[in-house]
Number of protein chains: 2
Amino acid sequence: MKHAASSLNQILTALADPTRRAILHRLSTADARVTEIARPFRMSLNAVSKHIRVLERARLVRRRRAGREHFLSFNPAPLNDATAWMEGQRALWSARLNALDAMLQAEDRASFDSKTKGSMR
Amino acid sequence: MKHAASSLNQILTALADPTRRAILHRLSTADARVTEIARPFRMSLNAVSKHIRVLERARLVRRRRAGREHFLSFNPAPLNDATAWMEGQRALWSARLNALDAMLQAEDRASFDSKTKGSMR
DNA sequence: TTCATATTCAACCGTTAGGTTGAATATTAT
DNA sequence: ATAATATTCAACCTAACGGTTGAATATGAA
C-alpha cells in the first residue's frame, strides 16, 4: 500500500475544515443537491462547490448526475481509514504503558523481596 | 460546548500533515527531545520545531522542560474527540439506513398483503 | 569565562487554501 | 426560440502553510 499516506492526507485535510464537516454532517442524514447544500451557508455557491470537490477527492462524497442537478451522497468508508490510523497510535501508546506498568510491578516485587529478606533474619 | 469545533479544527489540521503524523507515531512509542525527533527528517530543525508547536496547540503533544532540553510526550486524549465526531457521522448514517430498511420491509409486507388478499377470493 | 549544545524567534519566500466575481455550459421550463 | 435554473470553469485576491536562513536565548560542559 503506497497510496495510504496520501489518501489519509486527503481524508484528514477534507475533515479539517468546519464547512466541509457541516456538509458531511448534512449528507450523513440525507442525500442532497449542490444548491440545497449551499443554501444554509453564508458563502457563495462556488465556494461550497469547491468544498464538495475536496470531499469528493477524499471519496467521502459521491456524485450522481441526473440532468442538470447533481445528487451528492455521503460515503463513510474513508472514515475507517482515519480511525484506523488513530487506533494504531493508541495501541502503540497503551502497549508502551503496559510495558512501563510491568516494569514498575517488577520493581515493586523486587523491593518487597529485599524488604522481607532483610526483616527475615 | 462552544469551543468543540475550533479544537476539532486544530486536532484534524494537526493530523492532516504526514510529517506531524510521523512525529506523533514516534512519540506514541517513546518520549523524545526536539532534536531527536527532528533527526530522521530531511527538513531543518526549525521546520520540525514548528510542526511540534502545531501538535502542542492541538494538545496532542505535551512538553516538559529540563534545563535546555525539552522532552515531548504523546497525549492521545484529543484523538477521542476526533473519533467521536466520526462515530457520530456513522451513527447518523446507519440510522438513516435502518430507517430506509424499515421502510422497504414495510413496503414488502404491504405488497405481500395485497397479493394474498387478491389470491384469497 | 569561554565554548558548545538545545531550542526558539524573526523575517522572508513560494505554494496552497478558501474565498470572491464573472462567464461558460448544460438542462429544463415557457 | 427564449428564458430560467443548476452547476462548473477561470481568473483573481488574501491569508495561511510549510519551508528556509540567520540571529537570539538559555543551559551545560571545559
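In chain B of this predicted model, strands β2(B) and β3(B) pair in the antiparallel sense over six bridges. Two strands count as paired if DSSP finds at least two bridges between them, and strands (E, at least two residues) and helices (H or I, at least four residues) are DSSP runs numbered from the N terminus. Residues are numbered from 1 along each chain as its sequence is written, with chains lettered from A and ligands numbered from 1 in the order in which they are written. Local features need pLDDT of at least 70 and side-chain atom pairs count only at pLDDT 80 or more, while totals for chains, interfaces and linings use all residues; side-chain values use heavy atoms, leaving out hydrogens and water.

**The sheets and their helices**

Across the pairing of β2(B) with β3(B), B:Arg62 stands opposite B:Ser73, and B:Arg65 stands opposite B:His70. The hairpin of these strands has two residues between them, and B:Gly67 takes a positive phi near 70 degrees there. The sheet of chain B as a whole is open and has three strands, in the order β1-β3-β2, with antiparallel pairing. Strands β1 (32-33) and β2 (61-66) of chain B stand at the edges with a single partner strand each, so one side of each has no neighbour in the sheet. Helix α2 (residues 18-29) of chain B packs on this sheet and touches β1, β2 and β3 of chain B, where contact means heavy atoms within 4.5 Å. The direction of this helix makes about 90 degrees with that of β3(B); axes are lines fitted to C-alpha atoms, for helices over the stretch in contact, and angles run from 0 to 180 degrees between N-to-C directions.

Chain A also has an open sheet of three strands, ordered β1-β3-β2 and paired antiparallel. Its edges are β1 (32-33) and β2 (61-66) of chain A; each has a single partner strand, so one side of each is left without a neighbour in the sheet. Two bridges join β1(A) to β3(A) in the antiparallel sense, and A:Arg33 has A:Phe71 as its bridge partner in β3(A). Helix α2 (residues 18-29) of chain A lies across β1, β2 and β3 of chain A and runs at about 90 degrees to β3(A).

**Relation of the two chains**

A turn of 180 degrees with a shift of 0.0 Å along the axis lays chain B on chain A with an RMSD of 0.1 Å, the copies being superposed by least squares on the C-alpha atoms of residues with pLDDT of at least 70 in both. That is the relation of a two-fold axis. The same surface serves both copies, since 100% of the contact residues of chain B recur in chain A.

**The surfaces near the DNA**

A residue is near a strand if one of its heavy atoms lies within 4 Å of it. DNA strand C is surrounded by 22 residues, the closest being A:Asn46, A:Lys50, A:His51, B:Thr35 and B:Arg63. Of the atoms of DNA strand C within 4 Å of the protein, 60% belong to sugar or phosphate and the rest to bases. At least two residues of the surface near DNA strand C come from each of α4 (45-57) of chain A and α3 (34-38), α4 (45-57) and β3 (69-74) of chain B. The largest share, five residues, is that of α4(B). By class this surface has four nonpolar, eight polar and ten charged residues; Ala, Val, Leu, Ile, Met, Phe, Trp, Tyr, Cys and Pro count as nonpolar, Asp, Glu, Lys and Arg as charged, and the others, Gly among them, as polar.

DNA strand D also has 22 residues around it, and the closest are A:Thr35, A:Arg63, B:Asn46, B:Lys50 and B:His51. Sugar or phosphate accounts for 59% of the atoms of DNA strand D within 4 Å of the protein, and bases for the rest. Here α4(A) gives the largest share of the surface, five residues. The residues near DNA strand D divide into four nonpolar, eight polar and ten charged.

The table lists polar contacts, which are pairs of N or O atoms within 3.5 Å.

| Protein atom | DNA atom | Distance |
|---|---|---|
| A:Lys50, polar side-chain atom | Strand C, base oxygen | 2.2 Å |
| B:Arg68, polar side-chain atom | Strand C, base oxygen | 2.9 Å |
| B:Val34, polar backbone atom | Strand C, phosphate oxygen | 3.5 Å |
| A:Asn46, side-chain N or O atom | Strand D, base nitrogen | 2.5 Å |
| A:Arg68, side-chain N or O atom | Strand D, base oxygen | 2.9 Å |
| A:His70, backbone N or O atom | Strand D, phosphate oxygen | 2.9 Å |

Key: Polar contact = N/O pair within 3.5 Å; in protein donor to acceptor, adjacent residues only side chain to side chain.
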